[in-house]
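Here is a short tour for anyone who would like to get to know this protein before going back to the bench. Have the model open and follow along, topic by topic.

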Amino acid sequence: MQNDKEYVDRAVEQFRTLLEQQIAREDKMKMGSDATDFSQKQTITIGVIPGDGIGPVIVREAKKILNILLKAEIESGSIVLKDIDGLTIENRLACGKSVPEEVLDAIKSCDVLLKGPTETPKGGTMESANVTLRRELDLYSNVRPVSLPEGGIDWTFFRENTEGEYVLGSRGVEIPGKLAMDFKVTTDSGTRRIARAAFEFARNNGKKHVSIVTKANIMKKTDGKFSEICHEVAEDYPEITVEDYYIDIMTAKLINNNERSRFKVFVLPNLYGDIITDEAAQIQGGVGTAGSANTGDKYAMFEAVHGTAPQLIRDGLGDYANPLSIIKASEMLLRHIGYTDQADTLAAAIGNVGNTDGMKAEEIADRIIEMI
Ligand code: IPM
Ligand code: MG
């Protein structure tokens, strides 16, 4: 049995290490890196990761679509679709690693990834595979578009993807029977690069409005910094208006029909981005309908917004998982690597898919394939 003092001494020591590591991470980030120019690559390797739960079902369908849209490039060798095994909850638990070494090596041999949802064990110390991959591949920008044309909604969320509550989420402190403490980290460089990504997107896509969403009235240091740095970056984009909102009122505004269509681009810290993009996806038609891009300067990973839906699997309904989210992610992947025509073709087919209630994943994908 340890006494309080021992816990405190250990925690203080740990805190020193964490601080030093985070300063080192910030120093490295500050140096920046060049973005991959896909037009200069002879071969683009797309890693395909099925994941857990409904993952294998929906990824199979998305892969079928990519194989069709990229047939010529795959035949000529300019695109390689590479299956990546081993990112399953069973293998991860067996190896005791959120992303086993050899899986990470295989992933790093690709340029971009299409990834099914992976299970995250609750509690314990195993980190979510998503969090590990976002960190290891430095995928700092989580872009989640949501559109509902009939409701005048055209939103793009830029969620900071590598820090906030997530970066040390598995490294908190606990004094059993007394308290637990987690850490939230916001860095200058980490905020600057996500803000830059959001404002560049706004400028390049003719969006005139960016909303910075925080809880800076409570999280004064971290969210305060986030907002401040976003405003600093905004000075380079005088044609764009910027407004600050707190996350709680923003969740209300998103369901306010009189107001919501004026929002265009959102930039927000990791956890708020996680939460609000599920709400936004639901407004669009469900978490099964929104795609998600995790992009960094070197790698990018495209995935569904939703999780593994274990209840669907438990009920024997895995074949009925909605593949639209991962198919939209595939569209984002195509766009990211410069295959704009194929992305547009896929986007049009997704837009015309109509009501898919009660349909199997395979039937939904086949309906899309008929239109491409
Ligand atoms: C998401 C997911 C992940 C997250 C989980 C699976 C770790 O909810 O991509 O939004 O919290 O970021
Ligand atoms: Mg989420």
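**Pockets, a ligand and three buried residues**

The largest pocket holds about 1600 Å³ of space. Its lining is made up of 49 residues, and Val143, Pro145, Phe201, Met332 and Arg335 are the closest to its centre. Please keep in mind that this is a predicted model. The points below start with the pockets, go on to the ligand, and end with a few residues to click on.

**The largest pocket**

- Several elements share the work of lining this pocket: the strands β4 (141–148), β5 (153–160) and β11 (291–295), together with the helices α7 (188–204), α12 (324–336) and α13 (340–351), each contribute at least two residues.
- By residue type, the lining of the largest pocket splits into 20 nonpolar, 18 polar and 11 charged residues.

**The second largest pocket**

- The second largest pocket has a volume of about 680 Å³. Of its 20 lining residues, Lys28, Met29, Ser33, Asp138 and Arg193 are the closest to the centre.
- Helices α1 (4–31), α6 (129–136) and α7 each give at least two residues to the lining of the second largest pocket. Helix α7 also supplies at least two residues to the lining of the largest pocket.
- The lining of the second largest pocket comprises 5 nonpolar, 4 polar and 11 charged residues.

**Ligand 1 and its shell**

- Which residues surround ligand 1? They are Ser128, Asn130, Arg134, Arg144, Arg159, Tyr166 and Asp274.
- Sorted by type, this shell around ligand 1 contains 1 nonpolar, 2 polar and 4 charged residues.
- Three arginines are worth a look here. A polar side-chain atom of Arg134 sits 2.7 Å from an oxygen atom of ligand 1, and for Arg144 the distance from a polar side-chain atom to an oxygen atom of ligand 1 is 2.8 Å. In the case of Arg159, an N or O atom of the side chain is 2.7 Å from an oxygen atom of ligand 1.
- On its own, ligand 1 would expose 320 Å², and the protein buries 79% of that area.

**Ser292, a partner of Arg144**

- Ser292 belongs to strand β11. Is Ser292 buried or exposed? It counts as buried because its relative accessibility is 0%, and the cut-off for buried is under 20%.
- The side chain of Ser292 makes polar contacts with two other side chains: that of Asn142, at 2.9 Å, and that of Arg144, at 3.0 Å.
- Arg144 therefore turns up twice in this tour: its side chain contacts Ser292, and a polar atom of that side chain lies 2.8 Å from an oxygen atom of ligand 1.

**Two more buried residues**

- Met126 is located in the loop between β3 (112–115) and α6. With a relative accessible area of 18%, Met126 is buried, since the limit for that label is under 20%.
- Met126 and Gly96 are 30 residues apart in sequence, and their C-alpha atoms are 7.6 Å apart in space.
- Cys230 is part of helix α8 (residues 222–234). Its relative accessibility is 0%, so Cys230 counts as buried.
- Cys230 and Ile194 are 36 residues apart along the chain, with 8.6 Å between their C-alpha atoms.

Terms used:
Residues are numbered from 1 along each chain as its sequence is written. Chains are lettered from A and ligands numbered from 1 in the order in which they are written. This is a predicted model: local features need pLDDT of at least 70, side-chain atom pairs count only at pLDDT 80 or more; totals for chains, interfaces and linings use all residues. Side-chain values use heavy atoms; hydrogens and water are left out. On a 1 Å grid over the protein atoms alone, a cavity is a set of points where a 1.4 Å probe fits but cannot get out, and a pocket is an open set with protein on both sides within 12 Å along at least five of seven lines; lining residues have an atom within 4 Å of a point. Grid points are joined across faces, edges and corners, and a volume is the space filled by probe spheres set on the points. Helices (H or I, at least four residues) and strands (E, at least two) are DSSP runs, numbered from the N terminus. Ala, Val, Leu, Ile, Met, Phe, Trp, Tyr, Cys and Pro count as nonpolar, Asp, Glu, Lys and Arg as charged, and the others, Gly among them, as polar. A residue is near a molecule or strand if one of its heavy atoms lies within 4 Å of it. A polar contact is a pair of N or O atoms within 3.5 Å; within protein, one must be able to donate a hydrogen and the other to accept it, and residues adjacent in sequence count only if both atoms are side-chain atoms. Accessible areas come from the Shrake-Rupley method with a 1.4 Å probe; for residues, only the protein chains shown count as cover. Buried means under 20% relative accessible area, exposed over 50%, partly exposed in between (1.4 Å probe, protein chains only).
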